[in-house]
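Please look through the sequence and the three-dimensional model below, and keep both in view while reading. The paragraphs that follow go from the interior to the helices, then to the charged pairs and a few places in the loops.

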Amino acid sequence: MGTPVKDVVIPDNAQKTLLLQKHADYIAAYGVKKDDYEYCITEYLRLSGMYWGLTVMDLMKQLDRMNKEEVLQFIQQCQHECGGLGASIGHDPHLLYTLSAIQILTMYDALDVINTEKVVEFVCSLQQEDGSFYGDKWGEVDTRFSFCAVACLALLNKLDAIDVDKAVEFVLTCMNFDGGFGCRPGSETHSGQVYCCVGMLAITGRLHHVNADLLGWWLCERQLPSGGLNGRPEKLPDVCYSWWVLASLKIIGKIHWIDKDKLIQFILASQDEETGGFADRPGDMVDPFHTLFGIAGLSLLGDDRIKPVNPVFCMSEEVIQRAGIRVELL
């Protein structure tokens, strides 16, 4: 007898229709109660939280419900002398939150709110001899930061400010025998890192280095009997991998290799019918993170009630085209 596959069972009474308006209402109300416990304890990732909420509202065609002026003012206050942005006012600058800020400002066509030349300086200062990137001055190296760096610079039309060849070389040293990527050379393949590395290669025009058949096979193996996708073998399915796995498959031209209908069923079953929002899996608590990636996943799967999403930047195609950015897909 083999080990049973870790999975969830979708209840028979699970939601089968997309509650779009409820999700928009949930996100619109999320940041309003600023003394809420949940709001207060997430201060350490505030800028990323704003990116998740604003992006999903844009994809649901309801961005105008959000307070643009308040958002822009907050972002302005998060920029440091060095050019980088922190998660919240007074928090240390980091590449993760700098990218979230650049994505929001691109969405609002408001990059002039911050000093973008200093942002470019900050990103460049974090590239190392081997082409890798630190996330901040403390020196952690991760392929997520390679993606954040090139995505930031691409949105600012300043990709040539870094050593792109070396940056690509480093990412390629993180490629594994299964076609996937880890966070550093020798680290195990993980769907989130696959997305970051494949996205980074798409932005830099180097996707030819990817073994699309081998990687596509590994990514398709992430689909479980419930229809949901997991991040690596032996893990439970999670709605957020409807983004990391699916976007990677879209970039390498293999999205048709998974069972779309079963995945849609899993994503829809993870909605909360009362409050709106998506959870990581059916029956759990909802949050803005899984709400964005649930909606973005449904967009990749062709739901025409949602704006088409760009698989590399996780922003609406409309915004990416308006910004004049082109990315290579296989």
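**A walk through the model**

At 43% relative accessibility, arginine 305 counts as partly exposed, and this residue forms a salt bridge with aspartate 303, their closest N and O atoms being 2.7 Å apart. Aspartate 303, at 15% relative accessibility, falls under the 20% limit and therefore counts as buried. This is a predicted model, and the words buried and exposed will return throughout the description.

Let us turn to the interior. The largest nonpolar core has 110 residues, and those with the most contacts inside it are Leu47, Trp243 and Phe313. Helix H7 gives the most to this core, with 10 residues. Apart from this core lies another, of six residues, among them Val8, Ile10, Val239 and Ala269. To see what surrounds one of the residues named above, consider phenylalanine 313: leaving out residues up to four places away in sequence, phenylalanine 313 touches Tyr51, Gln103, Ala151, Ala154, Leu155, Tyr195, Ile203, Ile320, Ile325 and Val327.

Trp243, another residue named for its contacts in the core, is one of the buried residues of helix H11. In this helix, which runs over residues 241–251, 10 of the 11 residues are buried, so H11 is largely enclosed by the rest of the structure. Along with Trp243, the buried residues include Tyr241, Trp244, Leu246 and Ile251. What covers the buried residues of H11 includes helix H9 (191–203), helix H10 (212–220), helix H12 (260–269) and helix H13. Just after H11 comes glycine 253, which takes a positive phi of about 75°.

Helix H4, at residues 68–78, gives another picture, since its buried residues are Val71, Leu72, Phe74, Ile75 and Cys78. Seen down the axis of H4, these buried residues fall within an arc of 160°, so they line one face of the helix. Among what covers them are helix H3 (46–59) and helix H5 (95–107). How do H4 and H5 pack, and at what angle? The two helices pack at an angle of about 145°, with their axes 11 Å apart, and their crossing is left-handed. The contact is made by Val71, Leu72 and Ile75 on the side of H4, and by Ala101, Ile104 and Leu105 on the side of H5.

We now come back to charged residues. Side chains of opposite charge can pair when their charged atoms come close. A search of the whole structure finds 12 salt bridges. One of them joins aspartate 58 to lysine 307, where the closest N and O atoms are 2.6 Å apart. This pair links distant parts of the chain, for aspartate 58 is in helix H3, while lysine 307 is in the loop between helix H13 (288–300) and helix H14 (317–322), 249 residues apart. Are aspartate 58 and lysine 307 buried or exposed? Both aspartate 58 and lysine 307 are buried, and together with Glu318 they are linked in a network of salt bridges.

Another salt bridge is formed by glutamate 121 and lysine 118, with the closest N and O atoms 3.5 Å apart. Because these two residues are three residues apart in helix H6 (residues 116–125), they are separated by about one helical turn. Glutamate 121 counts as partly exposed at 45% relative accessibility, and lysine 118 counts as partly exposed at 27%.

The loops, finally, hold a few places worth finding in the model. Valine 141 is placed in the loop between H6 and helix H7 (143–155), and with a relative accessible area of 16% this valine is buried. If its neighbours within four places in sequence are left aside, valine 141 is in contact with Ser132, Phe133, Tyr134, Phe170, Cys183 and Arg184. Valine 141 and glutamine 127 are 14 residues apart in sequence, and their C-alpha atoms are 9.8 Å apart in space.

Lysine 61, which has its place in the loop between H3 and H4, has a positive phi of about 65° although it is not a glycine. Asparagine 157, in the loop between H7 and helix H8 (164–173), is also a residue other than glycine with a positive phi, here near 60°. At 69% relative accessibility, asparagine 157 counts as exposed.

Notes:
Residues numbered from 1 in each chain as written. Predicted model: local features only at pLDDT ≥ 70, side-chain atom pairs only at ≥ 80, totals over all residues. Heavy atoms only, no water. Buried < 20%, exposed > 50% of the residue type's maximum accessible area, 1.4 Å probe, protein only. Helix = DSSP H or I, 4+ residues; strand = E, 2+ residues; numbered from the N terminus. Arc of directions from axis to C-beta. Contact = heavy atoms within 4.5 Å. Salt bridge = Lys/Arg side-chain N within 4 Å of Asp/Glu carboxyl O. Core = buried A, V, L, I, M, F, W, Y, C linked by side-chain atoms within 4.5 Å. Axes fitted to C-alpha atoms, helices over the stretch in contact; angles between N-to-C directions. Left-handed = near helix turned anticlockwise from the far one by under 90°.
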